[in-house]
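Welcome, and please open the structure in your viewer. We will go from one selection to the next, with a short stop at each.

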Amino acid sequence: IENLSEPIFIVDIKSGLTIDCNQSVVSLFEADDKNDLLGIDISALSKEKISGEELRRFKTELNTKKKSSIEIIFNSRQGNPFRALMTAAKSNLDGEKIIQIRLVELPYHISAEKIEVKPEPQKENTKEERLNNTLAIF
């Protein structure tokens, strides 16, 4: 996994704890080194608790389809939040069952409440324009 540029964790399927990760994960989480991110439950890195419903959907999909994704807001080791799509896939590594987790950092959305939308002035349609609009439906 070290030669891959995308952030990847390897998780032990039995314990649910991380057993390996690549340098991209270390950079993304602003960790001192790889050891800061091993032996932990990845959900401990999330900024907000994942809802029970989302977690059930994620686990059910992972168990039935062997792959699942969820958007999570994480906190880096320096306390900086970032949003990522976490995709988990069940796999085998040297005969051991593992979960491979790929992270794709996502941009934050601008809150709709912060965007001021000014309605465009509406011009009144002529009788002919209204008739054309009505006919266009059929």
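The tour below starts with the sheet, moves to a helix and ends at one residue. Please keep in mind that you are looking at a predicted model.

**Stop 1: the sheet.** Show the strands as a cartoon. You should find an open sheet of five strands, paired antiparallel, in the order 2-1-5-4-3. Now colour strand 2 (18-21) and strand 3: these stand at the edges, and each has a single partner strand, so one side of each has no neighbour in the sheet. Turn the view along the sheet to follow its twist, which averages 30° from one strand to the next.

**Stop 2: an antiparallel pair.** Select residues 81-93, which form strand 4, together with residues 96-106, which form strand 5. The two run antiparallel and are joined by 11 bridges. For a landmark, pick S91 and look across to strand 5, where I98 stands opposite.

**Stop 3: the helix across the strands.** Next, select residues 52-65, helix 2. This helix lies across strand 3, strand 4 and strand 5, and runs at about 145° to strand 3.

**Stop 4: a serine in strand 3.** Select residues 67-75 for strand 3, then pick out S68 within that strand. Is S68 buried or exposed? Its relative accessibility is 2%, and because the cut-off for buried is under 20%, S68 counts as buried. Show what surrounds S68: beyond its neighbours within four places in sequence, its contacts are R57, F58, E61, L62, M86, T87 and A88. Finish by zooming in on F58, whose backbone oxygen lies 3.2 Å from a polar atom of the S68 side chain.

Definitions and conventions
Residues numbered from 1 in each chain as written. Predicted model: local features only at pLDDT ≥ 70, side-chain atom pairs only at ≥ 80, totals over all residues. Heavy atoms only, no water. Helix = DSSP H or I, 4+ residues; strand = E, 2+ residues; numbered from the N terminus. Buried < 20%, exposed > 50% of the residue type's maximum accessible area, 1.4 Å probe, protein only. Polar contact = N/O pair within 3.5 Å; in protein donor to acceptor, adjacent residues only side chain to side chain. Contact = heavy atoms within 4.5 Å. Pairing = 2+ DSSP bridges. Axes fitted to C-alpha atoms, helices over the stretch in contact; angles between N-to-C directions.
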